[in-house]
Amino acid sequence: MSNVVISYHTSNSAVAEQAKEALSSSKCDVYLVNDAVPMSLATREQAVQWCGVFVVVASVKYQRDAACMEIANYARQLKKPVVTIIAQSKYTPFGALGAISISG
């Protein structure tokens, strides 16, 4: 199967963990990246380079966080397939995150 990176804001940890469990049971290797972990930009970039699919757990907090958006933009630059999970009701990604979400 594919290597997957799930990128999320720490306020959506439960959603990210559920996605990780589901993908891991499908024999995917899953790496979690959030606004706090890993601290190193180089490590975040390596994770995106490694993955075959980039998953965004989208929310207002994700969209407002510079570290989250930086890694999402990097995945877009590398032309990684992007899957978006909307973690907040009545929320639609817009701007850069909206573009990333529809490009997947």
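1. Val55 has Val83 as its bridge partner in strand 4. The model is predicted. This bridge belongs to the pairing of strand 3 (residues 53–58) with strand 4, which is parallel and runs over five bridges.

2. Val83 itself sits in strand 4, residues 82–86. Its contacts, leaving aside residues up to four places away in sequence, are Val53, Phe54, Val55 and Val56. Val83 and Val53 are 30 residues apart in sequence, yet their C-alpha atoms are 7.4 Å apart in space. With a relative accessible area of 42%, Val83 is partly exposed, since the partly exposed class lies between 20% and 50%.

3. The sheet is open and has four strands in the order 2-1-3-4, with parallel pairing. Strand 2 (29–34) and strand 4 are the edge strands; each has a single partner strand, so one side of each lacks a neighbour in the sheet. On average, neighbouring strands are turned by 20° against each other, direction ignored.

4. Helix 2 (residues 41–50) packs on this sheet and touches strand 1, strand 2 and strand 3. The direction of helix 2 makes about 145° with that of strand 2.

5. The largest nonpolar core has 19 residues, and those touching the most other members are Val5, Val48, Phe54, Val56, Tyr62 and Leu97. Helix 2, strand 3, helix 4 (66–77) and helix 5 (95–103) each give two or more residues to this core. Helix 4 supplies the largest share, six residues. Another core, of 10 residues, lies apart from it and includes Val4, Ile6, Cys28 and Val55.

6. Leu97 deserves a separate entry. Not counting residues up to four places away in sequence, Leu97 touches Val56, Ala58, Tyr62, Gln63, Met69 and Tyr91. Val56 and Tyr62 are named with Leu97 among the core residues that touch the most other members.

7. His9 is in the loop between strand 1 (3–8) and helix 1 (13–25). His9 counts as buried because its relative accessibility is 12%, and the buried class is under 20%. Beyond residues up to four places away in sequence, the contacts of His9 are Asp35, Lys61, Tyr62, Asp65 and Cys68. Tyr62 thus appears in the contacts of His9 and also in those of Leu97.

8. Helix 1 has 13 residues. From first C-alpha to last it reaches 18 Å, close to the 18 Å expected at 1.5 Å a residue. Lys27 follows helix 1 and has a positive phi, near 70°.

Technical notes:
Residues are numbered from 1 along each chain as its sequence is written. This is a predicted model: local features need pLDDT of at least 70, side-chain atom pairs count only at pLDDT 80 or more; totals for chains, interfaces and linings use all residues. Side-chain values use heavy atoms; hydrogens and water are left out. Buried means under 20% relative accessible area, exposed over 50%, partly exposed in between (1.4 Å probe, protein chains only). Contact means heavy atoms within 4.5 Å. Two strands pair if DSSP finds at least two bridges between them. Axes are lines fitted to C-alpha atoms, for helices over the stretch in contact, and angles run from 0 to 180 degrees between N-to-C directions. The expected span of a helix is 1.5 Å times one less than its number of residues. A nonpolar core is a set of buried Ala, Val, Leu, Ile, Met, Phe, Trp, Tyr and Cys residues joined through side-chain atoms within 4.5 Å.
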